[in-house]
Amino acid sequence: MAEEEIAAAVELQGLTKRFGADVTAVDSIDLRIEDGEFFALLGPSGCGKTTTLRMIAGLEFPTEGSLRIYGEEMGTLSPNKRPVNTVFQNYALFPHMTVLDNVAFGLRMQKVDKAEANKRAQEAIEMVRLGQMAKRKPNQLSGGQQQRIALARALVNRPKVLLLDEPLGALDLKLRQEMQIELKSLQREVGITFVFVTHDQEEALTLSDRIAVMHDGKFLQVASPENMYERPANRFVADFIGQTNLLEGTVEDAETVCLANGARVSVANDKAEGAKVAVSLRPERINVHALDDKPDGPSLEGVVSSVTYLGTAHSYRIAMDWMEIEVREENRPSRGHFNAGDSVLISWHSDGVWVVDN
Amino acid sequence: MSSTTDPRGFSKAFLTANAWLVYLFFYAPIILLVVYSFSGDKLVGRWGGFTLDWYRAFAKDDNVQGALWVSVQVAIVSTLVSVVLGTLAALALERFKFRGQKVFDALLYLPIIIPDVTMAVMLLMFFSQFFNVIDSVLGLTLSKDISTVIISHIAFNISFVSIVVRARLEGMDQRLEEAASDLYASRWKAFRFVTFPQIIPGIAGGALLALTLSLDDVVIAQFVSGPGSTTLPVYVFGLIRKGVSPLINAVSVVMLVASVLLVMLSLLAQRNSEDKDQKVNDENEDDDQEVSSGSSSLSEMSIN
């Protein structure tokens, strides 16, 4: 089987993990993560993403199914015999060891010559730009520094796959954004396959080459960030990745959907006639017009119920008789904004919407 | 605990008085003991001028010295064995799941709950039954000696050690062990380089507790010791029945000084290892030489 093409970095087939008789954390998932990919497992807490990562690491063993790393079946191989390393949530740095000892730990356990191990560990610490911190204890470092040391400690072993469990979860926003850029360039530099778990959709979109959205132990969609955002597979994904307005309706034909209020909107879709669907309308893809304006493309009428100033944009909630729609309009000084109570028309371009199963 | 204002007026006076009362309660008997060990009068409680006679008597008295030696041997051997077994039991309960775990857990703490006398009678019965069986099967005649005392002390010390070690294990982040095994450490190496250094304070605290309890025990040793294996507390107890003499004070002072020294040593070792932590960057190689010690509250327990 493995010979037919280049082996995937990680290949899961029917992978299942049950805890006890009635908790199924991971439910028969199939996945191929390619060599050199930056892959995100994304989902709300309790969706099984961390369990999946822990199974790849060997910290949990699958109940059923196959798990291969570069073509080799892992099964119940213990974690210390797998060619993967993990950056743990909250880092799990050894508190009684110095930074250097922490980073050199993996090499020493692999019986690398001591001088060589120390040299490589020092290089890894310098790679994450903390060279002068080598003699410190982990508790003398800031959160961001600890996170970089955790990265160095894993990468120094040159794993075939690097696993990251909510790697940036404990950092504040500014630092998180910095680390995102750093992580991305580091991955390009070392060329190792990265698999990371996150519940932050923005982080997943920013960092990864591909994303798998998980819910209730199953994959809902595996796609590139762009495909995931533009063409979500279903309601849950559309709602989870970014914000969206979901307008319920029924498919009339391949070009038209009849919305719940009776309005017909033209939108290309591949759903069956009569199928109950939702039209996903991203807030930033909607334009707001005064009533006397005649917009191109489909439009709906409503009343502004609230306005929120966001700095870069205004966020409007627009009430229609059957639902409320959120719209985000970029601020331009030359253009005024609408106020609560204004009657408005909303419009969109037909290529800015997407139909998902309801 | 974290009151933001200092007590004032009556409450301050009351709290101060309370503190002094407690100190008096704790230390007055000890001071009396020490003072009368230097008293020249044969009767305890009557000052007969300063003398070192009782310490000389102690130095010459082979019985007391023999008992002291027995006590030290019992304490050291039973501590070593119970630290190993107690730590293993704590690890088993804290890190693994097995059949009968709950029962084992409950049974492990039984020796702490059972009154000493009951435990002593149980052990005595056990040994005599056991000796009978050995006698009838192998034809060997065994009798109570120092090893029965050691075994008995191990029996209750395991419980105390495992409680202390378990508390430490519980407080330890289990992900550290996962991180170790993720970094190619076998189970043994993960224990040796990560778990063990983390629980050393617990182990040291447990050992100190075991040592103290063993040196302290009268009731159980009284029942299970044989001729020639009398421990010091049992011997002192015997002396009292014959009539109190300041020799007992002298013996007690020696024991007191020994245990205070022990505690101070362990505190010193703890401080040293902390200092060393700042400098050493190579603990993988030398961490087993470091003797750390238990929490100070445990250290204080051994004074009493």
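**Buried helices, loops and overall layout in a predicted two-chain model**

Ser78(B) sits in helix α3 of chain B, which spans residues 62-95. The model is a predicted one, and this serine makes a convenient place to enter it. Ser78(B) has a relative accessible area of 0% and is therefore buried, since the cut-off for that class is under 20%. Beyond its neighbours within four places in sequence, Ser78(B) is in contact with Ile150(B), His153(B), Ile154(B), Asn157(B) and Ser214(B).

One of these partners, His153(B), is worth a visit of its own. His153(B) belongs to helix α7 of chain B, and with a relative accessible area of 1% it is buried. Residues up to four places away in sequence aside, His153(B) touches Val74(B), Ser78(B), Ser214(B), Asp217(B) and Ala221(B). Ser214(B) thus appears among the contacts of Ser78(B) and also among those of His153(B).

Helix α7 of chain B runs over residues 146-170, and Ile146(B) is found in it. Is Ile146(B) buried, exposed or partly exposed? Its relative accessible area is 25%, so Ile146(B) is partly exposed. Not counting residues up to four places away in sequence, Ile146(B) touches Val70(B), Gln73(B), Val74(B) and Ser229(B). Val74(B) is in this set, and Val74(B) is likewise touched by His153(B). A separation in the same chain can be given for Ile146(B) and Trp54(B): they are 92 residues apart in sequence, and their C-alpha atoms lie 27 Å apart in space.

Turning to chain A, the assignment divides it into domain 1, covering 2-230, and domain 2, covering 243-357. The C-alpha centres of these two domains of chain A are 40 Å apart. Chain A contains eight helices and 20 strands, and along the principal axes its C-alpha atoms fill a box of roughly 80 × 50 × 35 Å. Of the 358 residues in chain A, 52% are buried. When contacts in chain A between residues at least 6 apart in sequence are considered, 63% of them join residues at least 24 apart.

The surface of chain A can be described in the same spirit. Chain A exposes about 16,000 Å², of which carbon and sulfur atoms supply 47%. The chain carries 39 positive and 52 negative side chains, and 10 Å separates the centres of the two sets.

What of the cysteines? Over all chains, the structure holds zero disulfides. Cys47(A) is buried at a relative accessible area of 2%. Cys258(A) also counts as buried, at 18% relative accessibility, because the class takes in values under 20%.

Helix α1 of chain A, residues 49-57, is largely enclosed by the rest of the structure, because eight of its nine residues are buried. The buried residues in α1(A) are Lys49(A), Thr51(A), Thr52(A), Leu53(A), Arg54(A), Met55(A), Ile56(A) and Ala57(A). Lys49(A) and Arg54(A) are thus on the buried list alongside Leu53(A), Met55(A) and Ile56(A). Gly58(A) follows α1(A) and has a positive phi, near 95°.

Positive phi values also turn up in loops of chain A. Most residues other than glycine have a negative phi. Arg158(A) is not a glycine, yet its phi is positive, about 45°. This arginine is placed in the loop between α4 (143-155) and β7 (161-165) of chain A. Glu166(A), again not a glycine, has a positive phi of about 45°, and is found in the loop between β7 and α5 (173-190) of chain A. Where the two part company is in their surroundings. Arg158(A) is exposed, with a relative accessible area of 59%, whereas Glu166(A) is buried at 9% relative accessibility.

A last stop is Asn227(A), in helix α7 of chain A, which covers residues 225-230. At 31% relative accessibility, Asn227(A) counts as partly exposed. Asn227(A) touches Gln221(A) and Pro232(A), residues up to four places away in sequence not being counted. Asn227(A) and Gly65(A) are 162 residues apart along the chain, and 28 Å separates their C-alpha atoms.

Key: Residues are numbered from 1 along each chain as its sequence is written. Chains are lettered from A and ligands numbered from 1 in the order in which they are written. This is a predicted model: local features need pLDDT of at least 70, side-chain atom pairs count only at pLDDT 80 or more; totals for chains, interfaces and linings use all residues. Side-chain values use heavy atoms; hydrogens and water are left out. Domain bounds come from an automatic or database domain assignment. Helices (H or I, at least four residues) and strands (E, at least two) are DSSP runs, numbered from the N terminus. Buried means under 20% relative accessible area, exposed over 50%, partly exposed in between (1.4 Å probe, protein chains only). Contact means heavy atoms within 4.5 Å. Accessible areas come from the Shrake-Rupley method with a 1.4 Å probe; for residues, only the protein chains shown count as cover. Lys and Arg count as positive and Asp and Glu as negative; His and the chain ends are not counted. The place of a charge is taken as NZ of Lys, CZ of Arg, CG of Asp or CD of Glu. A disulfide is a pair of cysteine sulfur atoms within 2.5 Å.
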